[in-house]
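Me: I should like to go through this structure by question and answer. Please reason briefly each time and finish on the value or name requested.

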Amino acid sequence: MVNVDIELHRRRAAADLPRPRLIIGGADVLEASGGVHEHVNPATGEVQASVPLAGVGEVDRAVAAARRAFDEVWGPMRPAERRRLLTRFAGLIREHIEEFAAICPLENGVCIGGWAERVGPHVAEWTEYYAGWADKIEGSVSAAYSPNEFMEYTVAEPYGVIGHIITWNSPALSLAMKVPPSLAAGNTVVIKPAESTPFSALLFTELAREAGIPDGVINIVTGLGEAGQALVTHPGIDKISFTGGPVTARHIMAAAAASLKPVLFELGGKSANLLFADADLDTVGPYCAAFAMSNSGQGCALPTRLLVERPVYDEVVERVVGTVKALPVGDPLDPATYIGPLIDPAARDRVQDMIEKAVADKAGRLVHGGERIEADGYFVAPTVFADVDNKSELAQKEVFGPVLAITPFDTEDEGVALANESEYGLSAYIQSPNVDRINRLVPRLKAGTVYVNPGPNPITCAGTPFGGVGISGFGREGGKAGLDEFIHVKGVGVGRL
């Protein structure tokens, strides 16, 4: 029966995979100056599509199309009309949730029975949320106003054209966190997906077109570094929003500095999960293990450092290993699979090398996994280290693979110190029913988001700001704060005649 299910999912996924192309001003571009990327199925190692890549010329055309759409159509449009179109767009996304799920295993190896089936609902939710904001953006009148003084007020205005550089590990969710607030605020966008994950962006844009969002409002220029550099430095781009790693972010920030172009960065994480002895281990133990391994460990906010209070440390390590051993590894199109492949061979080799280096450096005690998996796809065995030195590379560097580091602590203060001993600051987690402890710890943890007893698979909802501190970036996605990232405020003073 499982084999039949896999074959059904494989046929559905292949049928739903959008035709590779760029989309510029509503036109499909099948050949581009940046060459071609041979897209490989990460589970099989087989080429499944040839993706045209944008060069400088295509980026120029896309920015010009976005500027025309902003000046002539989207910018002048009544906010209520933008709300109507975005609401229709969100409805179409809900109607195509299965297509988003079907694309994921072929695009980047996300398991159909895991994260893939939750992608579409989140994309729809974020789009719905920001559709509701489109006609509720307001300015303010100065509190100092009186008939004898200037009348002073503010106007909230869109930037113009936003350049979005989208992450590959969850491209559909990255699109939903960036594009709907940009459009709700009245901006148009040029999106550069990663060459390895263009398909979610294409489906997203097809549905926007079907919803009636005008041509040129959303443009897709899949490409390599040349396209990214052209987008960041283009004088027609008013702001850059980037999700990815700190190394690339530094290059973007340096390039944007020449024109003092504003940037929004949602970067990596090395999130600590503080587990206290009073937590319900029957519930928390499996969660701590499984969530760290979700999406094959390829998630910026995953709790990849498990800090455990000493009285329950040995029991938690045993429970974690038991859970990880039971997690099925294999074909992401099999609904039973929990851990699929990594995105490409470079990622597989990098993660495997980090595991082997951690063993050689005695950064921790290897208690599960670590062995190489011989397969056509790009698989890494789920791996758990205990007794991890918090100053080691294993604890300080983002692995972005199915690797969990466990470290004991004796006191609350020590646990907080270990959690904060990182350049990253994206997310932190607390597992404890003690309300007094929770209230003490939340303000002490250096993180953009703190999840308390979150349960399985927590995802920040559309109404909650998400982002980091330290090398995890700055700016916020989600909530009113995420909308404000794509608005600038103009002050107006009116004198008496």
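Me: Which residues are linked with R19, R21 and D28 in a network of salt bridges?
Reply: The model is predicted: local features need pLDDT of at least 70 and side-chain atom pairs count only at pLDDT 80 or more, while totals for chains, interfaces and linings use all residues. Residues are numbered from 1 along each chain as its sequence is written, and side-chain values use heavy atoms, with hydrogens and water left out. A salt bridge is a side-chain nitrogen of Lys or Arg within 4 Å of a carboxyl oxygen of Asp or Glu. The network that contains R19, R21 and D28 is completed by E206 and R209.

Me: How many salt bridges does a search of the whole structure find?
Reply: Side chains of opposite charge can pair when their charged atoms come close. Searching the whole structure for such pairs gives a total of 26.

Me: How many residues apart in sequence are the parts tied together by R310 and D410?
Reply: R310 and D410 form a salt bridge whose closest N and O atoms are 3.1 Å apart. R310 is in the loop between β12 and α11 (313–325), whereas D410 is in the loop between β15 (403–409) and α14 (412–420); helices (H or I, at least four residues) and strands (E, at least two) are DSSP runs, numbered from the N terminus. The pair therefore ties together parts whose separation in sequence, in residues, is 100.

Me: Which helix holds E356, the salt-bridge partner of R372?
Reply: The closest N and O atoms of R372 and E356 are 2.9 Å apart. R372 lies in the loop between β13 (365–368) and β14 (383–386), so the pair ties together parts that are 16 residues apart in sequence. E356 belongs to residues 345–360, which form helix α12.

Me: Are R437 and E412 buried or exposed?
Reply: These residues form a salt bridge, with 3.1 Å between the closest N and O atoms. R437 lies in helix α15 (residues 435–441) and E412 in helix α14, so the bridge ties together parts that are 25 residues apart in sequence. Buried means under 20% relative accessible area, exposed over 50% and partly exposed in between (1.4 Å probe, protein chains only). Both R437 and E412 are buried.

Me: What is the relative accessibility of N295?
Reply: Most residues other than glycine have a negative phi. N295, however, has a positive phi near 55 degrees and lies in the loop between α10 (281–293) and β12 (305–309). N295 counts as buried because its relative accessibility is 14%.

Me: What is the relative accessibility of L260?
Reply: Phi of L260 is likewise positive, near 55 degrees. L260 is placed in the loop between α9 (246–257) and β10 (263–266). L260 counts as exposed, since its relative accessibility is 74%.

Me: Are α4 and α7 roughly parallel or roughly antiparallel?
Reply: The axes of helix α4 (residues 97–108) and helix α7 (residues 199–211) come within 9 Å and cross at roughly 155 degrees; axes are lines fitted to C-alpha atoms, for helices over the stretch in contact, and angles run from 0 to 180 degrees between N-to-C directions. Angles under 35 degrees count as roughly parallel, over 145 as roughly antiparallel, 65 to 115 as roughly perpendicular and the rest as oblique. The crossing angle therefore makes α4 and α7 roughly antiparallel.
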